[in-house]
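Colleague: I would like a close look at one part of this protein, namely the places that carry a binding-site annotation and the ground around them. Could you take me through it slowly, with the contacts spelled out?

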Amino acid sequence: MKTLSVNHLLGIKYITKDDIELIFETAEHFKEVINRPIKKVPSLRDITIANIFFENSTRTKLSFELAEKRLSADTISFSAAQSSVKKGETLIDTVNNILSMKVDMVVMRHSNPGAAYFLSQNVDARIINAGDGAHEHPTQALLDSFTIREKLGEIGGKKIVIVGDILHSRVALSNIFALQKQGAEVRVCGPKTLIPKHIENLGVKYEPNLRKALEWCDVANMLRIQNERLDVNYFPSTREYTQQYGLDKDLLDSLNKEIIVMHPGPINRGVEITSDVADSKQSVILEQVENGVAVRMAVIYLLASKIQ
């Protein structure tokens with residue numbers, strides 16, 4: 001059996017193109033499983049997984065929990081808002097207390113970049129990074145790539161533009177790494193103030209004009225403004241942002257080709273994307289959600305197979 005080259009999924013930066021291929025092959029199998037009348041497989045009956053979320057999450061948390069249940073794993077969920085972390089307990093102590101309950105794998109979201117890596121160095125369990133600050137969100141990038149591949153057949157040679165708040169987005173960084181590893185060309189588009197200073201060092205071009213970006217691309221991945229991370233005003237007003245960088249049906253229909261529209265959610269309808277675009281036939285937003293469960297099942301299954 002093929003195995004991953006890593007023991008944890010900490011970021012796309014740490015995995016290979018072959019790892020991505022293996023995850024996708026496994027996800028295709030699980031996608032077929034979750035479309036059957038009986039959606040469960042007994043693959044991980046003896047594995048216990050802890051979902052530890054130090055930041056709010058709805059879709060990612062539900063998606064991981066569903067993936068774990070579909071694989072018949074035992075799960076415990078932990079939300080920092082109701083925990084001893086509020087009383088001053090350290091991350092390591094919190095996790096070690098959970099591991100003493102004989103947990104094999106930890107799915108963690110944390111506001112500090114590098115938290116998942118730090119954990120992997122200090123505790124004895126497989127770690128899956130469900131988002132660390134504005135750093136990486138590897139399973140989101142994998143499900144995005146999986147969705148593009150399903151729609152376009154392959155990713156090599158395709159042109160993808162990521163639009164919006166690149167500066168604060170862990171989704172953007174993980175997507176850039178994942179798409180480039182598979183041979184795609186990536187550009188970013190958005191207000192100059194929301195583009196990281198040295199983005200060109202990642203082999204990514206900046207396109208300030210949304211229409212030009214859309215005319216160039218095969219796929220547009222529309223990101224929301226991360227209001228919870230904005231400590232200063234990066235643009236004059238939401239209305240002005242929408243006028244320059246919002247995607248509406250008129251703009252989409254005026255392009256000389258059909259492009260695929262993606263969004264990692266949650267959507268701020270009427271800001272980065274209008275409802276008629278989000279619900280149009282060019283949008284793959286609901287496919288991304290469905291594929292998220294299959295891809296996360298694949299990641300959990302492949303990492304569990306490395307537990308001795």
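Modeller: What follows goes from the annotated residues to the two domains and then to the salt bridges.

The model is a predicted one, and the annotation comes from an unreviewed UniProt entry, in which "binding site" covers Arg59, Thr60, Arg109, His137, Gln140, Gly265 and Pro266. From this set, Arg59, Thr60, Gln140, Gly265 and Pro266 belong to the lining of the second largest pocket. The UniProt entry, again unreviewed, also has a "binding site" annotation that covers Lys87, Arg170 and Arg224.

Arg109 sits in strand β3, which runs over residues 105-110, and because its relative accessibility is 6%, under the 20% limit, this residue counts as buried. Leaving out residues up to four places away in sequence, Arg109 touches a list of residues that includes Phe53, Glu55, Asn56 and Ala130. Among its contacts are also Thr60, His137 and Arg170, of which Thr60 and His137 are covered by the annotation that covers Arg109, while Arg170 is covered by the one that names Lys87 and Arg224.

Gln140 is placed in helix α5, residues 138-152, and is buried as well, with a relative accessible area of 6%. Beyond its neighbours up to four places away in sequence, Gln140 touches Val171, Pro264, Gln288 and Arg296.

Arg224 lies in the loop between β8 (219-222) and α8 (238-245), and at 16% relative accessibility this arginine counts as buried. With neighbours within four places in sequence set aside, Arg224 is in contact with Asp165, His263, Asn268 and Glu272, and also with Gly265 and Pro266; Gly265 and Pro266 are themselves covered by the annotation that covers Arg109 and Gln140.

These residues can be set against the division of the chain into domain 1 (12-137 + 289-305) and domain 2 (138-284). The C-alpha centres of the two domains lie 25 Å apart, and 31 residues of domain 1 are in contact with 26 residues of domain 2. The area buried between domain 1 and domain 2 is about 2500 Å², with carbon and sulfur atoms giving 60% of it. On the side of domain 1, the residues that lose the most area to domain 2 are Ile12, Phe24 and His137, together 28% of what that side buries, and His137 is one of the residues under the UniProt annotation.

Four salt bridges are found across the interface of domain 1 and domain 2, and the full count comes to twelve. The side chains of Glu21 and Arg149 meet in a salt bridge at 3.1 Å, N to O, and Glu21, Glu28 and Arg149 are linked in a network of salt bridges.

Lys151 and Glu287 also pair through their side chains, at 3.3 Å from N to O; since Lys151 lies in helix α5 and Glu287 in helix α11 (residues 285-304), this pair ties together parts that are 136 residues apart in sequence. Lys151 is partly exposed at 43% relative accessibility, and Glu287 is partly exposed at 25%.

A further salt bridge joins Lys249 to Asp253, with the closest N and O atoms 3.0 Å apart; both residues lie in helix α9 (residues 249-254), four residues apart, about one turn of the helix.

Conventions: Residues are numbered from 1 along each chain as its sequence is written. This is a predicted model: local features need pLDDT of at least 70, side-chain atom pairs count only at pLDDT 80 or more; totals for chains, interfaces and linings use all residues. Side-chain values use heavy atoms; hydrogens and water are left out. UniProt positions are given in the numbering used here, feature names are shortened, and annotations may be inferred rather than shown by experiment. On a 1 Å grid over the protein atoms alone, a cavity is a set of points where a 1.4 Å probe fits but cannot get out, and a pocket is an open set with protein on both sides within 12 Å along at least five of seven lines; lining residues have an atom within 4 Å of a point. Helices (H or I, at least four residues) and strands (E, at least two) are DSSP runs, numbered from the N terminus. Buried means under 20% relative accessible area, exposed over 50%, partly exposed in between (1.4 Å probe, protein chains only). Contact means heavy atoms within 4.5 Å. Domain bounds come from an automatic or database domain assignment. Buried area is the accessible area (1.4 Å probe) that two parts lose on being put together, summed over both.
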